[in-house]
Amino acid sequence: MQDKTMQSEGAAAQEKAASEGELTFAPMRLKDLHDVYYIEQEVFPYHWTYRNFESSIATENQGIVMRDGQGTLIGYFVALDIVDEMELLKIAVGKAFQGKGYGRILMDKVLELARYLEMESVFLEVRESNTPAIGLYESTGFKTVGIRPGYYVQPKEDALLMKLKL
Ligand SMILES: CC(C)(COP(=O)(O)OP(=O)(O)OC[C@H]1O[C@@H](n2cnc3c(N)ncnc32)[C@H](O)[C@@H]1OP(=O)(O)O)[C@@H](O)C(=O)NCCC(=O)NCCS
């Protein structure tokens, strides 16, 4: 749980970013991968390889990059729509930009896309120790619906399976 000051700072950054219209969103392309992979390595202890991203772009995955007005990559997500359910495979904000409301803005885009694709729900797996991500998901309305024991490696850890009904 964060204190009120952090919450209002986050909300202010989100409002500022949104109101100034300084953020852009675009489908993830090969030209984005240099920047995406930089953040990927920076924020995930056990991360996707560059090739994983190339394969993801080559498939039907929905990848979105979020950049600021100068073109700097702030964050990205990758999702997969399966019939009427969307699986959020990955969501990340660069270390320097975390805790400023950008993750929430990115999550709003996930939900906007899911609604556009007429999904009925969004689900995801998250490391049980990943407090910031779980905080974001819970405050968005995701509920824990299961546990996958030993799902993650390096380090080995259980995954929470979380779901949001749209
Ligand atoms: C998870 C992540 C995307 C959140 O992005 P962010 O820009 O830092 O998040 P925001 O500033 O928008 O905060 C959104 C909410 O997340 C939660 N949160 C963010 N940082 C937190 C922290 N350090 N501790 C607890 N909760 C936190 C809060 O609920 C926050 O809402 P609030 O500000 O109203 O309290 C980011 O931390 C990240 O990229 N982490 C590394 C990659 C990762 O673990 N991705 C998820 C697994 S796929």
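Two residues are in contact if their C-beta atoms, placed from the backbone, lie within 7 Å. The structure described here is a predicted model.

**Glutamate 120**

Glutamate 120 sits in the loop between helix H4 (102-116) and strand S5. Apart from neighbours within four places in sequence, glutamate 120 is in contact with Asp84, Glu85, Lys165 and Leu166. Leucine 166 is 46 residues away from glutamate 120 in sequence, yet the two C-alpha atoms are 5.4 Å apart in space. Is glutamate 120 buried or exposed? A residue is exposed if 12 or fewer other C-beta atoms lie within 10 Å of its own. Glutamate 120 has 11 C-beta neighbours inside 10 Å, so this residue counts as exposed.

**The sheet**

Strands of a sheet pair through backbone hydrogen bonds, either parallel or antiparallel. In this model, seven strands make up an open sheet with mixed pairing, in the order S1-S2-S3-S4-S5-S7-S6. Strands S1 (24-27) and S6 are the edge strands, and each of them pairs on one side only. From one strand to the next, the twist averages 25°.

Two of the strand pairs are set out below.

| Pair | Sense | Bridges | Residues opposite each other |
|---|---|---|---|
| S4 (residues 85-93) and S5 (residues 121-127) | parallel | three | glutamate 85 and serine 121 |
| S6 (residues 143-152) and S7 (residues 157-165) | antiparallel | six | tyrosine 152 and glutamate 157 |

S6 and S7 form a hairpin with four residues between them. Within that turn, glutamine 154 has a positive phi of about 45°. Strand S6 is hardly covered, as none of its ten residues is buried.

**Helices H2 and H3**

Helix H2 packs on the sheet and touches strand S2 (62-67), strand S3 (73-82) and S4. The direction of H2 makes about 90° with that of S3.

H2 (residues 33-43) also packs against helix H3 (residues 50-58), at an angle of about 130° and with the axes 10 Å apart. How are H2 and H3 oriented to each other? Angles from 65 to 115 degrees count as roughly perpendicular and those over 145 as roughly antiparallel. The angle of about 130° falls in neither range, and H2 and H3 are therefore oblique to each other. The crossing of H2 past H3 is right-handed.

Which residues meet where H2 and H3 pack? Leu33, Val36 and Tyr37 in H2 meet Tyr50, Phe53 and Glu54 in H3. By class, this contact has five nonpolar residues, no polar residues and one charged residue.

Methods
Residues are numbered from 1 along each chain as its sequence is written. This is a predicted model: local features need pLDDT of at least 70, side-chain atom pairs count only at pLDDT 80 or more; totals for chains, interfaces and linings use all residues. A residue is buried if 20 or more other C-beta atoms lie within 10 Å of its own, exposed if 12 or fewer, and partly exposed in between; C-beta atoms are placed from the backbone. Helices (H or I, at least four residues) and strands (E, at least two) are DSSP runs, numbered from the N terminus. Two strands pair if DSSP finds at least two bridges between them. Axes are lines fitted to C-alpha atoms, for helices over the stretch in contact, and angles run from 0 to 180 degrees between N-to-C directions. Angles under 35 degrees count as roughly parallel, over 145 as roughly antiparallel, 65 to 115 as roughly perpendicular and the rest as oblique. A crossing is left-handed if the near helix is turned anticlockwise from the far one by less than a right angle, and right-handed if clockwise. Ala, Val, Leu, Ile, Met, Phe, Trp, Tyr, Cys and Pro count as nonpolar, Asp, Glu, Lys and Arg as charged, and the others, Gly among them, as polar.
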